[in-house]
Amino acid sequence: MVRFLEYFLIAGCIAVLLVFSHWIGQQAYSWMPVEATAEAQKVDYLFSFLVSVGAFVFLGLVGMMVYSVIFFRASPKDYSEGHPSRGDVRLEILWTVTPTLLVLWIAFQGFNIYQQLDITGLQQIVHLHTPLEEPAYAESSDNKPKPASETIRVFVKQWDWSFQYPNNLTSNELHLPVNLPTRLNMHAKDVLHSFYVPEFRLQQYIVPGRNIDIVLTPIRTGKYHLKDSLFSGTYFALMDANVYVESQEAYNQWLTQTAAQQPTATNQAVAEHTQTTKAWFKTSWYTVTPAQPSIITGERKVNNDT
């Protein structure tokens, strides 16, 4: 009877830990920026799952330590050694099988999410068992692949982002239609760069000489900020661009209105580089001259450096 009560108490404690850990995992959703893409939902699910597992392990270990300190404290004059755990087959199986199954489960969840975040263009760099040469499609919330509605070419260089749309309009702003998969075909001119919008939960390295395709499905309208998450030199802090997720009507209207405007060019890195500054001493450090910005035009992409 006593042994049954002990097992019942242990099972009750485990149940409480599971419920509380799940609650902590659900709170993890609020620790991240808002979910602006369907892919962000998948990434946040994995993050919440890992937080729940970590909370269960942490609280379980701390609970056992506190329980041992309270109920199994040795007396001040007790210098005897504790009972060795060696030879207890059940305990050894428990602490071997349980972490193994947990790690395999986490690996399966992570691989499953990664497969749904389809990225192509790295077949010359990495070799996976899945055919990266096949077209990549972002998966909707119902896990059914949908073809990208259109392709936007992304060009990045020190220190400037530019985006070329299907109507040959080139802009330093990224506009995306909401609820429609869009393929981003990314190119780096000089060094490694990284496409990162926190609300999208997608960080993709852009490798010079490689065409990197990534498909995303925005689900929340608003204004976001694109950053280069790889240090790329002197004016790295200026490597940002505005990202707008809008309705299909607003997106088409922006394309039409911007194509009819006069060409404009802005690049804060160029302004910083040409600005005369006062310094206490001069150095011989080499600084890359910022590339001239791409000009917004509805006809063709114009670069002042080409």
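## Briefing: loops, sheets and a pocket

W159 sits in the loop between β2 (150-157) and β3 (160-164). The peptide bond that joins Q158 to W159 is cis, with omega at about -5°. The model is a predicted one. Its chain has 306 residues, of which 34% count as buried. The secondary structure comprises five helices and 13 strands.

**Chain totals**

- The accessible surface of the chain is about 19,600 Å². Carbon and sulfur atoms account for 62% of that surface.
- Take the contacts in the chain between residues at least 6 apart in sequence: 68% of them join residues at least 24 apart.

**Around β2 and the cis bond**

- β2 and β3 make a hairpin, with two residues between the strands.
- The two strands of the hairpin run antiparallel and are joined by five bridges. Within this pairing, K157 faces D160 of β3.
- β2 also pairs with β6 (residues 182-188). That pairing is parallel and counts seven bridges. Here F155 stands opposite H187 of β6.
- In general, strands in a sheet are paired by hydrogen bonds of the backbone, in parallel or antiparallel fashion.

**The five-stranded sheet**

- An open sheet is built from five strands, in the order β5-β11-β10-β7-β8, with mixed pairing.
- Its edges are β5 (174-177) and β8 (202-206), each of which pairs on one side only.
- On average, neighbouring strands of this sheet are turned by 25° against each other, direction ignored.
- β10 (residues 222-228) and β11 (residues 240-246) run antiparallel, with six bridges between them. K227 has D240 in β11 as its bridge partner.
- β5 and β11 run parallel, joined by four bridges. L176 has V245 in β11 as its bridge partner.

**β5 and the helix across it**

- Which residues of β5 point which way? L174 and L176 point to one side, while H175 and P177 point to the other. All of these residues are buried.
- Helix α4 (residues 248-259) lies across β5 and β11. The helix runs at about 145° to β5.

**I206 on edge strand β8**

- I206 belongs to strand β8. That strand is one of the two edges of the open sheet.
- Is I206 buried or exposed? I206 is buried, because its relative accessible area is 0% and the cut-off for buried is under 20%.
- What does I206 touch beyond its neighbours within four places in sequence? Its contacts include V156 and W161. Also among them are M186, H187 and A188. V191, L192, H193, S194, F195 and I212 are in contact with I206 as well.
- H187, a contact of I206, also stands opposite F155 in the pairing of β2 with β6.
- I206 and L230 are 24 residues apart in sequence. Their C-alpha atoms are 9.8 Å apart in space.

**Positive phi outside glycine**

- Most residues other than glycine have a negative phi, and most peptide bonds are trans.
- N168 is not a glycine, yet has a positive phi of about 70°. N168 is placed in the loop between β3 and β4 (170-171).
- R201 is not a glycine either, and its phi is positive at about 60°. R201 is in the loop between β7 (193-197) and β8.
- How do N168 and R201 stand in accessibility? N168 is partly exposed, with a relative accessible area of 38%. R201 is buried, with a relative accessible area of 10%.

**The largest pocket**

- Rolling a probe the size of a water molecule over the atoms shows where space is left empty.
- The largest pocket holds about 2,000 Å³ of space.
- Three elements give two or more residues each to its lining: α1 (2-27), α2 (38-71) and α3 (89-116).
- Which element gives the most to this lining? It is α2, with 15 residues.
- The lining of the largest pocket has 40 residues in total. Those nearest the centre of the pocket are I10, I14, L17, G60 and M64.

Definitions and conventions
Residues numbered from 1 in each chain as written. Predicted model: local features only at pLDDT ≥ 70, side-chain atom pairs only at ≥ 80, totals over all residues. Heavy atoms only, no water. Pairing = 2+ DSSP bridges. Axes fitted to C-alpha atoms, helices over the stretch in contact; angles between N-to-C directions. Contact = heavy atoms within 4.5 Å. Buried < 20%, exposed > 50% of the residue type's maximum accessible area, 1.4 Å probe, protein only. Areas by Shrake-Rupley, 256 points an atom, 1.4 Å probe, with all protein chains shown as cover. 1 Å grid on protein atoms, 1.4 Å probe; cavity = no way out; pocket = protein on both sides within 12 Å on 5 of 7 lines; lining within 4 Å. Points joined across faces, edges and corners; volume = space filled by probe spheres on them.
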